[in-house]
Amino acid sequence: MSRREDLHPFVAKLGARIRDLRLARGMSLEQLRKKTGIVVSHLSLIERGHVVLTVGTVDRIARALGLTPMFLVLLPEESELEAVVERIGHMSADKLARMYERVSASKSLPLKKPRPRGSHGP
């Protein structure tokens, strides 16, 4: 991970997204540090967009926030698809189950039943 003096737009947006998601969960930087093992000063640089993240760091932060890495890097302000995925990501388990049932009943797409959030098994 290298520190950047010139902020790349995506890196800055990703850092802001990490901060917003952390705050939405009521987590402090210290709580995120405990879950990721990344020191607070480095997390702060990440959230301010000064650090280019490795895939491993994205994974650690995403998992600590209860997300998949793919969900973490989606930027809902970038496209309608990302905005839809963002809304789905904030749905309750009951709403997700009802939506799954409605979509699977249409038989237009082969779907796998979603795993509960936080499930890391195969």
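# Notebook: helices, salt bridges and a nonpolar core

**Entry 1, the overall layout.** I began by reading the elements from the N terminus on, and they run α-α-α-α-α-α-α. The tally for the protein is therefore seven helices and zero strands, with helices and strands taken as DSSP runs. I note here that what I have in front of me is a predicted model. I then looked up how much of the protein is buried, and found that 30% of its 122 residues count as such. For the contacts between residues at least 6 apart in sequence, I noted that 53% join residues at least 24 apart.

**Entry 2, the nonpolar core.** Next I turned to the largest nonpolar core, which has 21 residues, and I asked which of them touch the most other members. They are Ile61, Leu65 and Leu72. I looked up which elements give two or more residues to this core, and these are α1, α2, α3, α4 and α5, the last of them spanning 69–73. The largest share comes from α4, which gives four residues.

I followed Leu72 further and, leaving aside its neighbours within four places in sequence, I listed what it is in contact with. The list holds Leu14, Arg17, Ile18 and Leu21, then Val58, Ile61, Ala62, Leu65 and Leu67. Two of the names on that list, Ile61 and Leu65, I had already written down as core members that, with Leu72, touch the most others.

**Entry 3, helix α3.** Which residues of α3 are buried? I found His42, Leu43, Leu45, Ile46 and Glu47. When I looked for what covers these buried residues, I found that the cover includes α1, α2 and α4. Just after α3 I came to Gly49, which takes a positive phi of about 80°.

**Entry 4, salt bridges.** I reminded myself that side chains of opposite charge can pair when their charged atoms come close. A search of the whole structure finds four salt bridges, and I looked into three pairs, including one between two helices.

Glu47 forms a salt bridge with Arg22, and their closest N and O atoms are 2.6 Å apart. Why does this pair tie together parts that are 25 residues apart in sequence? Glu47 lies in helix α3 (residues 40–47) whereas Arg22 lies in helix α1 (residues 9–24), so the bridge runs between those two helices. I also checked the exposure of this pair, and both Glu47 and Arg22 are buried.

The next pair I looked up is Arg33 with Glu30, again with 2.6 Å between the closest N and O atoms. Both residues lie in helix α2 (residues 29–36), where they are three residues apart, about one turn of the helix. Arg33 has a relative accessibility of 29% and so counts as partly exposed, and Glu30, with a relative accessible area of 33%, is partly exposed as well.

I then looked up Arg63 and Asp59, whose side chains meet in a salt bridge at 3.0 Å, N to O. Because these two are four residues apart in helix α4 (residues 55–64), about one helical turn separates them. I noted that Arg63 is partly exposed, at 37% relative accessibility, and that Asp59 is partly exposed too, at 29%.

**Entry 5, two threonines.** Is Thr57, which has its place in helix α4, buried or exposed? Its relative accessible area is 2%, and since buried means under 20%, Thr57 counts as buried. The side chain of Thr57 is joined to that of Thr54 by a polar contact of 3.0 Å.

Thr36 has its place in helix α2, and with a relative accessible area of 7% this residue is buried by the same cut-off of 20%. I asked where the side chain of Thr36 reaches, and found the backbone nitrogen of Ile38 at 3.1 Å. Not counting residues up to four places away in sequence, Thr36 touches Leu43, Arg60, Ile61 and Ala64. Of these, Leu43 is one of the buried residues of α3 that I listed earlier, and Ile61 is one of the core members that touch the most others.

**Entry 6, rings.** Last, I looked up how many aromatic pairs there are, and the count comes to zero. I did find a charge over a ring, however, in that Arg17 lies over the face of Phe71, at 5.2 Å from the ring centre. Arg17 was already in my notes as one of the contacts of Leu72.

Note on methods:
Residues numbered from 1 in each chain as written. Predicted model: local features only at pLDDT ≥ 70, side-chain atom pairs only at ≥ 80, totals over all residues. Heavy atoms only, no water. Buried < 20%, exposed > 50% of the residue type's maximum accessible area, 1.4 Å probe, protein only. Polar contact = N/O pair within 3.5 Å; in protein donor to acceptor, adjacent residues only side chain to side chain. Core = buried A, V, L, I, M, F, W, Y, C linked by side-chain atoms within 4.5 Å. Contact = heavy atoms within 4.5 Å. Phe/Tyr/Trp six-rings, centres within 6.5 Å; stacked < 30°, edge-to-face > 60°. Lys NZ or Arg CZ within 6 Å of the ring centre and 35° of its normal.
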